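Me: I should like a close look at the aromatic pairs of this protein. Please describe them in detail and then place them in the wider structure.

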Amino acid sequence: MPWIAGVDGCKKGWFRASRSTDTGELRFDLVVDTHELVSTFPTPKVLALDIPIGLPERGARECDRRA
């Protein structure tokens, strides 16, 4: 069954939310490195990474204010 996943970085590695495209089953886990993101079950067919395009020294980013 194909899985898709979205991930976000955190202090202990990567938080991953995965969903089966066949059954809708959801799984959540924490992996320590990028290799585990693509090699640990459920292995995603599609992986979306949330990575900021730079963080300001202080205050909010313009894109965040607009959102």
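Reply: W3 is a suitable starting point: at a relative accessible area of 2%, W3 is buried, because the limit for that class is under 20%. The model in which this value was computed is a predicted one.

A pair of aromatic rings is described by two quantities, the distance of the centres and the angle of the planes. By the rule applied here, the count comes to two aromatic pairs. W3 forms one of them with F41; the pair is edge-to-face, with 5.8 Å from centre to centre and 75° between the planes. This pair links distant parts of the chain, for W3 belongs to strand β1 (residues 3–10), while F41 sits in the loop between α1 (34–39) and β4 (44–50), 38 residues apart. The ring partner of W3 has another degree of cover: F41 has 52% relative accessibility and therefore counts as exposed, the limit being over 50%.

The other pair consists of F15 and F28. The centres of these rings are 6.2 Å apart and the planes meet at 10°, so the pair is stacked. F15 in strand β2 and F28 in strand β3 are 13 residues apart, and this pair also links distant parts of the chain. With a relative accessible area of 40%, F15 is partly exposed. F28, at 54%, is exposed.

The surroundings of the W3 and F41 pair deserve equal attention. The peptide bond that leads from F41 to P42 is cis, with omega near 0°. P42 lies in the loop between α1 and β4. Both W3 and P42 appear among the contacts of S18, which, leaving aside neighbours within four places in sequence, also include I4, A5, E25, L26 and R27. S18 itself is found in strand β2. Its relative accessible area is 1%, and S18 is therefore buried.

Helix α1, which precedes the loop of F41 and P42, contains V38. V38 has 45% relative accessibility and so counts as partly exposed. Not counting residues up to four places away in sequence, V38 touches T43, P44 and L47. The C-alpha atoms of V38 and E62 are separated by 32 Å, although these residues are 24 residues apart along the chain.

A further site to consider is D22, in the loop between β2 (13–20) and β3 (26–31). These are the strands that carry F15 and F28. D22 counts as exposed, because its relative accessibility is 53%. Leaving aside its neighbours within four places in sequence, D22 is in contact with M1 and P2. The C-alpha atoms of D22 and D64 are separated by 34 Å, and the two residues are 42 residues apart along the chain.

Towards the end of the chain, A60 is found in the loop between β4 and α2 (62–66). A60 is partly exposed, with a relative accessible area of 39%. Between the C-alpha atoms of A60 and R27 there are 31 Å, and 33 residues separate them along the chain.

These local details may now be set against the whole. The protein has two helices and four strands. From the N terminus on, the order of its elements is β-β-β-α-β-α. Its radius of gyration is 14 Å, well over the 11 Å that the globule rule gives for 67 residues, so the protein is more spread out than a compact globule. Along the principal axes, the C-alpha trace spans about 45 × 25 × 15 Å.

Buried residues make up 19% of the 67 residues, and both W3 and S18 are buried. Of the contacts between residues at least 6 apart in sequence, 29% join residues at least 24 apart. The protein exposes about 5,200 Å², and carbon and sulfur atoms supply 57% of that area. As for charge, there are 10 positive and 10 negative side chains, and the centres of the two sets lie 4 Å apart.

To return to the request, the pair of W3 and F41 is edge-to-face, whereas the pair of F15 and F28 is stacked.

Conventions
Residues are numbered from 1 along each chain as its sequence is written. This is a predicted model: local features need pLDDT of at least 70, side-chain atom pairs count only at pLDDT 80 or more; totals for chains, interfaces and linings use all residues. Side-chain values use heavy atoms; hydrogens and water are left out. Buried means under 20% relative accessible area, exposed over 50%, partly exposed in between (1.4 Å probe, protein chains only). Contact means heavy atoms within 4.5 Å. Rings of Phe, Tyr and Trp (its six-membered ring) pair if their centres lie within 6.5 Å; planes under 30 degrees apart count as stacked, over 60 as edge-to-face and the rest as tilted. The radius of gyration is taken over C-alpha atoms; the globule rule is 2.2 Å times the number of residues to the power 0.38. Accessible areas come from the Shrake-Rupley method with a 1.4 Å probe; for residues, only the protein chains shown count as cover. Lys and Arg count as positive and Asp and Glu as negative; His and the chain ends are not counted. The place of a charge is taken as NZ of Lys, CZ of Arg, CG of Asp or CD of Glu.
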